[in-house]
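Dear colleague,

Please find the structure below, together with its sequence. My notes on it follow, beginning with a pocket and then moving on to the overall make-up, individual elements and local details.

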Amino acid sequence: MKIIVCIKQVPDTKGGVKFNPDGTLNRAAMLTIMNPDDKAGLEAALRLKDQYGAEVTVITMGLPKAEEVLREALAMGADKGILVTDRVLGGADTWATSSTLAGAIRNLDYDLIITGRQAIDGDTAQVGPQISEHLNIPVISYAQKIEIDGDSVIVERQYDDRYHVVKAKMPCLITALAELNAPRYMTPGGIFDAFKADITVWGRANLVDVEDSNLGLKGSPTQIAKASDKVRKGTGEKVNLDADASVEYIVGKLKEKHVI
């Protein structure tokens, strides 16, 4: 079995968010982590590897520094890492990103593609399903449990207060929830091996069946109208009242805000 896991290096929002003049994220200036949903998807792939002897390839699109999350994935147990990076790919929205990743994946053999449900820097949950559409394969989203049955995959798909059990023949794509599992830690030996491993680097020339009009900022139909860091709350209003007056004051505020 061959599994491809799409991972993304995202800003660690605890360290603050920085923007370029055009409103896009200044990723080079921020601390970064592996996207949590993607890490759960990677762990799911590694568990399938442990159980069935699968080969796990991780792929990411981003700046050259995104190689860091690929090496983290290798240190956790992935077999190969592919970085897709090129200036013409910068500023991509979900459509351009999914077009790029699908173009790269067309170079590879695979039975299963796993992505995170969504990235914490965009929260769109669109890239995974869009990749499946580009590749013309089935997609099962919001996976909370994954099992293999011959040439098919069986997934418990989260849905409100219950779940669906969905079965699809491979190849197919699954989007994973962060709650799917608890990702393993990197091992010391894995870290040493990861930093000695070769990372495959692809650019625009390596993308298959993708038009230039679907790449990068120019190929993105979604444009950013406004971007800002999280708004800091003010100090609020302080009052000094006795118990009865305090109750009356609080109830009045709740009514004013239409809470009650």
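The second largest pocket holds about 180 Å³ of space. Its lining consists of 14 residues, and those nearest the centre are E55, T57, K80, I82 and L108. Four strands, β1 (2–6), β4, β5 and β11 (200–202), each contribute at least two residues to that lining. Please bear in mind that this is a predicted model.

Overall make-up

The protein contains 6 helices and 11 strands. Of its 260 residues, 39% count as buried. Among contacts with a separation of 6 or more, 70% are between residues 24 or more positions apart. The accessible surface comes to about 14,800 Å², and carbon and sulfur atoms account for 51% of that surface.

Helix α2 and its surroundings

Helix α2 spans residues 67–76 and is mostly covered, with 8 of its 10 residues buried. The buried residues are V69, L70, R71, E72, A73, L74, A75 and M76. They pack against three strands early in the chain, namely β2 (9–11), β3 (32–34) and β4 (55–61), and also against β5 (80–84) and the helices α1 (36–52) and α5 (188–196). Just after α2, G77 adopts a positive phi of about 135°.

I105 in helix α3

I105 belongs to helix α3, which covers residues 94–105. Is I105 buried or exposed? I105 is buried, since its relative accessible area is 0%, and a residue counts as buried under 20%. Leaving aside residues up to four places away in sequence, I105 touches I4, C6, I59, Y110, I113, I131 and L135. The C-alpha atom of I105 is also 8.3 Å from that of L207, although the two residues are 102 positions apart along the chain.

Salt bridges

The structure holds 15 salt bridges. In one of them, the side chains of R117 and D37 meet at an N to O distance of 3.2 Å. R117 lies in the loop between β6 and α4 whereas D37 is in helix α1, so this pair ties together parts that are 80 residues apart in sequence. D37 counts as buried, at 5% relative accessibility.

K145 and E147 also form a salt bridge, with an N to O distance of 3.4 Å. Both partners are partly exposed: K145 has a relative accessible area of 38%, and E147 stands at 36%.

In helix α6, K253 forms a salt bridge with E256, and the closest N and O atoms are 3.8 Å apart. These two residues are 3 positions apart in the helix, which means that about one helical turn separates K253 from E256. In general, residues three or four places apart in an α-helix point the same way because there are 3.6 residues a turn. K253 is partly exposed at 30% relative accessibility, and E256 is partly exposed at 49%.

Finally, E43, R47, D50 and R184 are linked in a network of salt bridges.

A nonpolar surface patch

V247, I250, V251, L254, V259 and I260 form a nonpolar patch on the surface, and together they have about 510 Å² of accessible area. Of these, L254 is found in helix α6, residues 243–256. L254 is partly exposed, with a relative accessible area of 31%. Why can L254 belong to a patch although it is only partly exposed? Patches take residues with over 30% relative accessible area, so L254, at 31%, meets that cut-off.

Backbone details

Most residues other than glycine have a negative phi, and most peptide bonds are trans. Three places in this model deserve a mention in that light.

- A125 is not a glycine, yet has a positive phi of about 60°. A125 sits in the loop between β6 (112–116) and α4 (127–135) and is partly exposed, with a relative accessible area of 21%.
- Y142 likewise has a positive phi, near 55°, in a residue other than glycine. Y142 is placed in strand β7, residues 139–149, and counts as partly exposed at 28% relative accessibility.
- The peptide bond from M170 to P171 is cis, with omega near 10°. P171 lies in the loop between β9 (162–169) and β10 (172–176).

With kind regards

Note on methods. Residues are numbered from 1 along each chain as its sequence is written. Side-chain values use heavy atoms; hydrogens and water are left out. Patches are made of residues with over 30% relative accessible area and no salt bridge: like charges are joined within 9 Å, nonpolar side chains (Val, Leu, Ile, Met, Phe, Trp, Tyr) within 5 Å. Accessible areas come from the Shrake-Rupley method with a 1.4 Å probe; for residues, only the protein chains shown count as cover. A salt bridge is a side-chain nitrogen of Lys or Arg within 4 Å of a carboxyl oxygen of Asp or Glu. Buried means under 20% relative accessible area, exposed over 50%, partly exposed in between (1.4 Å probe, protein chains only). Contact means heavy atoms within 4.5 Å. On a 1 Å grid over the protein atoms alone, a cavity is a set of points where a 1.4 Å probe fits but cannot get out, and a pocket is an open set with protein on both sides within 12 Å along at least five of seven lines; lining residues have an atom within 4 Å of a point. Grid points are joined across faces, edges and corners, and a volume is the space filled by probe spheres set on the points.
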